[in-house]
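Here are my notes on this one, as numbered points. Have the structure open while you read.

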Amino acid sequence: MTSLHTPCLDTSVLLTPPALSFHGVSFSHDEKLLLGPCSFTLDGIGPTLVMGPNGAGKSLLLRLAHGLLSPTQGRVVWSNEGAPRQAMVFQQPVLLRRSALANLTHALAVNNVSRGQRVKLAHEALDRFGLSACRHTPARVLSGGQQQRLALARAWALSPQVLFLDEPTSALDPAAIKAVEAAVLDFHLRGTRIVMTTHDLHQARRLAGDVLFLSGGKVREHTPAQAFFNSPVSREAQAFVAGELVE
Amino acid sequence: MKKTLNLVLASIVVMGLSLNTHARDYIILASTTSTENSGLFESILPKFEEVAGIEVRVVAVGTGQAFELARRGDADSLLVHDTAGEQRFVENGYATERTDVMYNDFVLIGPTNDPASVREAKTAAEAFASIAKAKAAFASRGDDSGTNRAELRLWESAGVELVRDWYRELGSGMGPTLNTAAAMDAYVMSDRATWVAFGNRQNLTLLFEGDDVLFNQYGSLLLSEQRYPHLKHELARQWHSWLISEDGQQAIADFKVNGQQLFFPNAN
Amino acid sequence: MENNAFYVALSLLLSLDSSLIQIVVLSLQVSLMAVSIAAVLGFPLGAAVALWQFPGRGGVIVILNALMGLPPVVAGLMVYLLLSRAGPLGEWGLLFTPGAMVIAQVILVLPILAALSRQKVEEMLGEYREQFVSLGMSRSRMMPTLLWDARFALLTVLLAGFGRASAEVGAVMMVGGNIDGVTRVMTTAIVLETGKGNLPLALGLGIVLLTLVMLINAGAYMIGELSRRRTG
């Protein structure tokens with residue numbers, strides 16, 4: 001396991017990570033059912049790892065949860081009033097054609113953070129993710145690993161209650177993967193609900209508190225990580241954990 | 001970045017303001033390309049501006065378009081060369097006064113080898129008839145200008161039917177028409193002023209001149225105050241009066257290109 | 001030698017003839033002014049069409065694209081009829097002034113800026129959309145972000161607009177009247193000199209115009225490259 005240094009914890013947030021429920025959510029495109037119907041509730045402390053073979057609907061599920069897509073049927077429900085503050089980190093980080101610093105201040109401006117606070121928060125976040133030295137570098141000329149860390153720093157600056165990550169490490173080298181995983185755990189320790197997709201079993205073993213397993217657009221299992229890796233129930237999950245090629 | 005943006009905005013504002021720096025009194029004079037192209041205005045306008053303190057802004061178009069500009073109330077004064085049209089303009093109430101200002105004459109231009117033997121013609125009608133008979137290429141303004149109107153009257157008096165295979169209507173000003181005629185070795189009728197000042201003659205030369213029917217009278221018109229109350233009638237009247245005054249007439253006579261006088265004052 | 005257009009152009013430039021300078025300055029003023037106004041209107045318009053779905057959106061795009069080919073003389077005629085004393089805006093007294101020329105050129109340049117910026121912004125929106133929605137941005141909040149991030153592409157669009165404005169003659173001739181010292185610009189001066197048969201002078205003026213346009217393009221290119229290197 002990654003060694004966890006203790007960040008300054010905001011315990012009030014830690015105690016109440018908002019719970020997320022899918023009530024019979026399905027998503028179709030061009031009359032074709034791509035996901036669901038699925039029902040589950042994420043109310044543990046997580047992190048929740050969404051797993052499954054390619055095309056299982058992992059990214060779709062994340063986008064529905066985050067509100068980037070609207071369900072064709074069913075409802076996405078949060079435990080607290082309205083949707084919580086949330087952010088998402090994509091497989092390919094989407095960065096503005098501006099400096100690293102400007103990427104952060106822009107996100108903060110959009111979230112109505114006062115002008116004075118913006119620069120302070122942005123510098124803090126860049127510092128935390130080891131990007132201070134390249135704050136004036138155009139975001140798009142940073143390395144892949146730096147770009148993903150910048151995307152994480154942007155999310156960090158917004159202090160979300162929920163963070164979605166869609167295959168955030170699939171294009172990175174081991175050192176960069178390690179940095180991203182450490183960052184994910186930092187978010188987790190800050191009390192942010194983590195919902196992350198991956199197809200990498202080892203990564204899931206390192207990070208998961210619970211696992212949501214999908215295949216063929218259906219949720220096959222939602223179990224604590226230990227249980228999932230040691231004794232998966234569904235046939236698809238058994239095959240997946242065993243490293244077989246699952247359709 | 002913000003600084004640059006402010007600078008750009010500021011310079012745009014300054015630019016916009018500086019577009020409107022002409023505080024001096026001025027009138028819009030609708031006139032013909034022949035007067036503009038020959039350089040007459042460049043010569044006489046400074047003299048008028050000096051004595052009257054009025055700037056004359058010349059919009060040089062064909063006579064037809066000049067009438068149209070005036071009819072719509074877009075010009076304060078009119079100096080054109082189509083006496084019949086000018087008289088109709090007064091009769092129809094658009095203008096209140098018309099005065100002869102100056103004249104020059106039309107000349108017949110053509111290729112030096114003169115395939116239609118225009119040089120031997122005794123009269124303009126004869127010259128035009130011989131062009132038609134030889135089916136030699138003829139370039140016409142075709143733009144309802146004063147020159148175009150005069151040319152059409154001459155064809156009519158020569159009793160010629162205009163056929164498209166040798167008669168070409170260009171729909172252009174005098175200068176462009178001369179350019180085209182030079183390029184295709186065509187005959188062309190021009191006012192003398194534009195011809196003398198014209199710089200791209202190539203193989204063209206003056207072949208026929210001097211018939212009374214080639215007389216080209218210019219007139220100045222005062223527009224109706226009733227019909228166009230918004231126009232600068234007082235300033236236009238000063239211009240009109242100066243043109244036909246001794247000073248104005250002298251200025252016109254003094255304008256020469258290559259030592260040749262191009263317009264002859266005749267305001268009586 | 002005196003009949004060589006390049007010689008004429010060079011001596012025009014070197015002599016710094018005051019009436020030539022006046023013509024050059026007016027040309028630049030009118031075209032830059034028109035392009036600035038068209039940019040202020042056209043870029044947000046293009047971005048709005050890229051951002052919002054509304055009935056008739058396809059029609060608007062087709063019209064904007066088609067208007068990129070609007071013949072200058074038609075734009076000139078429209079503005080003439082508008083500003084003529086007998087027209088609806090005749091009271092303004094703008095006909096045969098540089099202001100009228102600016103209006104005509106805005107009409108010519110606006111569709112280019114709007115149509116091309118619509119395309120650029122839409123491409124960029126495809127790339128940014130999910131991140132924007134994730135950040136909780138409204139469409140109207142997306143607009144300035146997209147326009148700023150598309151700035152290098154838009155600079156090229158701006159130059160295309162400037163090219164159209166500085167090159168056209170039909171519209172400024174009709175609404176400006178080619179009045180010496182008031183509304184005479186490079187292109188109308190070239191037409192006039194051609195009419196006088198002064199072909200070397202006309203071509204020389206053309207070379208001067210071309211040189212200016214190239215200088216402006218080179219300047220814009222360098223600014224673009226420098227800030228691209230700086231901000232990515």
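1. Which domains does the domain assignment give for chain B? It gives domain 1 (24-104 + 216-265) and domain 2 (105-214); such bounds come from an automatic or database domain assignment.

2. Some housekeeping. This is a predicted model, where local features need pLDDT of at least 70 and side-chain atom pairs count only at pLDDT 80 or more, while totals for chains, interfaces and linings use all residues. Residues are numbered from 1 along each chain as its sequence is written, and chains are lettered from A and ligands numbered from 1 in the order in which they are written.

3. Back to the two domains of chain B: their C-alpha centres lie 26 Å apart. Domain 1 of chain B puts 21 residues into the contact and domain 2 of chain B puts in 18 residues, with two residues in contact if their C-beta atoms, placed from the backbone, lie within 7 Å. On the domain 1 side, H2 and helix H4 (63-71) of chain B each supply at least two residues, and H2(B) gives the most, with 4 residues. (Helices are DSSP runs of H or I, at least four residues; strands are runs of E, at least two; both are numbered from the N terminus.)

4. What is that domain 1 side made of? The split is 5 nonpolar, 15 polar and 1 charged. For the classes, Ala, Val, Leu, Ile, Met, Phe, Trp, Tyr, Cys and Pro count as nonpolar, Asp, Glu, Lys and Arg as charged, and the others, Gly among them, as polar.

5. Now for the chains. Of the 2 pairs of chains that touch, B and C have the most contacts between them. Chain B brings 26 residues to this contact and chain C brings 22 residues. Helix H1 (2-18), helix H2 (33-38), strand E2 (55-61) and helix H8 (174-184) of chain B each supply at least two residues on the chain B side, which divides into 11 nonpolar, 12 polar and 3 charged. Chains A and B, on the other hand, do not touch; their nearest C-alpha atoms are 12 Å apart.

6. Finally, chain A. It has 9 helices and 9 strands, and its C-alpha trace spans about 50 × 40 × 35 Å along the principal axes. Its radius of gyration is 18 Å, which agrees with the value near 18 Å for a compact globule of 247 residues; the radius is taken over C-alpha atoms and the globule rule is 2.2 Å times the number of residues to the power 0.38.
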